[in-house]
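Here is a short briefing on one protein chain. Look over the sequence and the fold first, then use the points below as a guide.

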Amino acid sequence: MFPDRVLSGMRPTGKLHLGHYHGVLKNWVKLQSEYECLFMAADWHALTTSYDDVSIIEKSVWDMVIDWIAAGVDPSQATIFIQSRVPEHAELHLLLSMVTPLSWLERVPTYKDQIDKMSHKDLGTYGFLGYPLLQAADILLYRGNLVPVGEDQVPHVEITREIARRFNHVFGKETGFAEKAEAAIKKIGGKKGRLYEELRTRYQQDGDVEALESARALLAEAQNISHGDRERLFGYLEGGGKMILPESQPLLTTASKMPGLDGNKMSKSYGNTISLREDADSVAKKVKQMPTDPARVRRTDPGDPDKCPVWQLHQVYSNDTTRAWVIEGCRSAGIGCIQCKQPVIDGILAEQAPMFERAQPYLEDPTLVKKIVADGCERARELARETMRDVRESMGLAYG
């Protein structure tokens, strides 16, 4: 069994906004204290749809990483790295492509959906079709068994799991597998070896799930066997072959409820965003220019908060007392729209204040963030090399 490990990433396509914070980054900050986490600047993924204009990618990478740190991602707790600086991503992507049926990629729901939405672009490329396979390689390269996603992205985790299962089925049945597994049992030690065999028999003959879990725990604690032998015994325990790549599971995250300035979901494509580190005057100006309930033509006209985009932001930034004040004041025309907007402005600026503070050292000295990324890339490559050693060996590509 592999240790719990989280892999997640973002494409560097421009400034991050508050939708990114509420939809992804707050969850990353929570996860980094619960699991081993790797957070990736997915610059190769940016090329799948923006290959015709790469001018924004490099600058966006550094701005994005600073935004991550500003949002609370801690380099001392999580590994931050750039996808293209770990070439093993490309190698595993290539090797997985040898066993992944074309039909699996064509049936991913987001494939046709994105082609329809981005009809103005030529997406008839393998890079775009193979996007889910590169994503699978990203996850499997670090044996990331936990992937934080929203419900709409679950199919990407499912295809990753299917690819890992197929890879293990094709390449996990090494020559002499049973004999090597039996030899590995002897290395555990007489007493523990006999217990393993007893638990394995109980699970395979009687379906005893408790026996399976006990055997897994026994293997996890075994000190005198190699990584390869350990994985053979996990596979032998369940009646399969050597587990080379884990079957990842989705860590479902709550869908972001961060509304944009027009009431729709906050998105760069809608032009309704507030950047993570936007100037206070700009924030105030944008909020003050937000549309309100069309029924409030004059200051004395009563309104309905449910028909006003500003009310959606009160749901995010205001407390119960303020929201009650808004409901009463709007419906009675006791407050004007500018008055109504001020608590939202205050809430956004209060949320952004610690972000500016965390970002400042890296803005003053960009070498600090480059060192963080360099260290993260080195750590990521260590894990990647470990995985690729086993992958190459299983595919007959280890030449000593």
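The notes below go from the overall fold to single elements, then to two loop residues and two enclosed or open spaces.

This is a predicted model. The protein has 400 residues, and 50% of them are buried. Its secondary structure comes to 18 helices and 5 strands.

**Overall fold**

- The C-alpha trace spans about 85 × 45 × 45 Å along its principal axes.
- Take the contacts between residues at least 6 apart in sequence: 78% of them join residues at least 24 apart.

**Strand β4 and its partner**

- Strand β4 covers residues 146–149.
- Both of its faces are covered. Leu146 and Pro148 are buried on one side, and Val147 and Val149 are buried on the other.
- β4 pairs with strand β5, residues 249–252. The pairing is parallel and runs over 4 bridges.
- Within this pairing, Pro148 stands opposite Leu251 of β5.

**Helix α13**

- α13 spans residues 227–237.
- The helix is mostly covered, with 10 of its 11 residues buried.
- Charged side chains are on the buried list: Asp229, Arg230, Glu231 and Arg232 are among its members.
- Other buried residues of α13 include Leu233, Phe234, Tyr236 and Leu237.
- Which elements cover them? The cover includes α10 (177–188), α11 (190–206), α12 and α18 (366–394).
- Gly239 follows α13 and has a positive phi, near 85°.

**Loop residue Asn224**

- Asn224 sits in the loop between α12 (209–221) and α13.
- Is Asn224 buried or partly exposed? Its relative accessibility is 47%, so Asn224 counts as partly exposed.
- Beyond residues up to four places away in sequence, Asn224 touches Lys187 and Ile188.
- The Asn224 side chain reaches the backbone oxygen of Lys187 at 2.6 Å.
- Ala184 is 40 residues from Asn224 in sequence, yet their C-alpha atoms are 9.8 Å apart.

**Loop residue Arg299**

- Arg299 lies in the loop between α14 (280–288) and α15.
- Its relative accessible area is 44%, so Arg299 is partly exposed.
- Which residues does Arg299 contact, leaving aside neighbours within four places in sequence? They are Ala333, Gly334, Ile335, Gly336 and Gln339.
- The side chain of Arg299 reaches two backbone oxygens. The one of Ala333 is at 2.7 Å, and the one of Gly334 is at 3.4 Å.
- Arg299 and Ala333 are 34 residues apart along the chain, and their C-alpha atoms are separated by 6.9 Å.

**The cavity**

- The count is 1 cavity of 30 Å³ or more.
- The largest cavity holds about 100 Å³ of space.
- Its lining has 14 residues. Closest to the centre are Arg296, Cys308, Cys330, Cys337 and Cys340.
- α15 (309–317), α16 (320–332) and α17 (337–364) each supply at least two lining residues.
- The largest share comes from α15, with 3 residues.
- By class, the lining of this cavity has 9 nonpolar, 3 polar and 2 charged residues.

**The second largest pocket**

- The second largest pocket holds about 340 Å³ of space.
- It is lined by 17 residues. His22, Asn27, Thr253, Thr254 and Ala255 lie nearest its centre.
- Two or more lining residues come from each of α1 (18–31) and β5.
- Which element gives the most to this lining? It is α1, with 6 residues.
- The lining of this pocket divides into 7 nonpolar, 6 polar and 4 charged residues.

**Links between the topics**

- β5 appears twice above: this strand pairs with β4 and gives residues to the lining of the second largest pocket.
- α12 also appears twice: this helix helps cover the buried residues of α13 and leads into the loop that holds Asn224.
- α15 borders the loop that holds Arg299 and supplies residues to the lining of the largest cavity.

Terms used
Residues are numbered from 1 along each chain as its sequence is written. This is a predicted model: local features need pLDDT of at least 70, side-chain atom pairs count only at pLDDT 80 or more; totals for chains, interfaces and linings use all residues. Side-chain values use heavy atoms; hydrogens and water are left out. On a 1 Å grid over the protein atoms alone, a cavity is a set of points where a 1.4 Å probe fits but cannot get out, and a pocket is an open set with protein on both sides within 12 Å along at least five of seven lines; lining residues have an atom within 4 Å of a point. Grid points are joined across faces, edges and corners, and a volume is the space filled by probe spheres set on the points. Buried means under 20% relative accessible area, exposed over 50%, partly exposed in between (1.4 Å probe, protein chains only). Two strands pair if DSSP finds at least two bridges between them. Contact means heavy atoms within 4.5 Å. A polar contact is a pair of N or O atoms within 3.5 Å; within protein, one must be able to donate a hydrogen and the other to accept it, and residues adjacent in sequence count only if both atoms are side-chain atoms.
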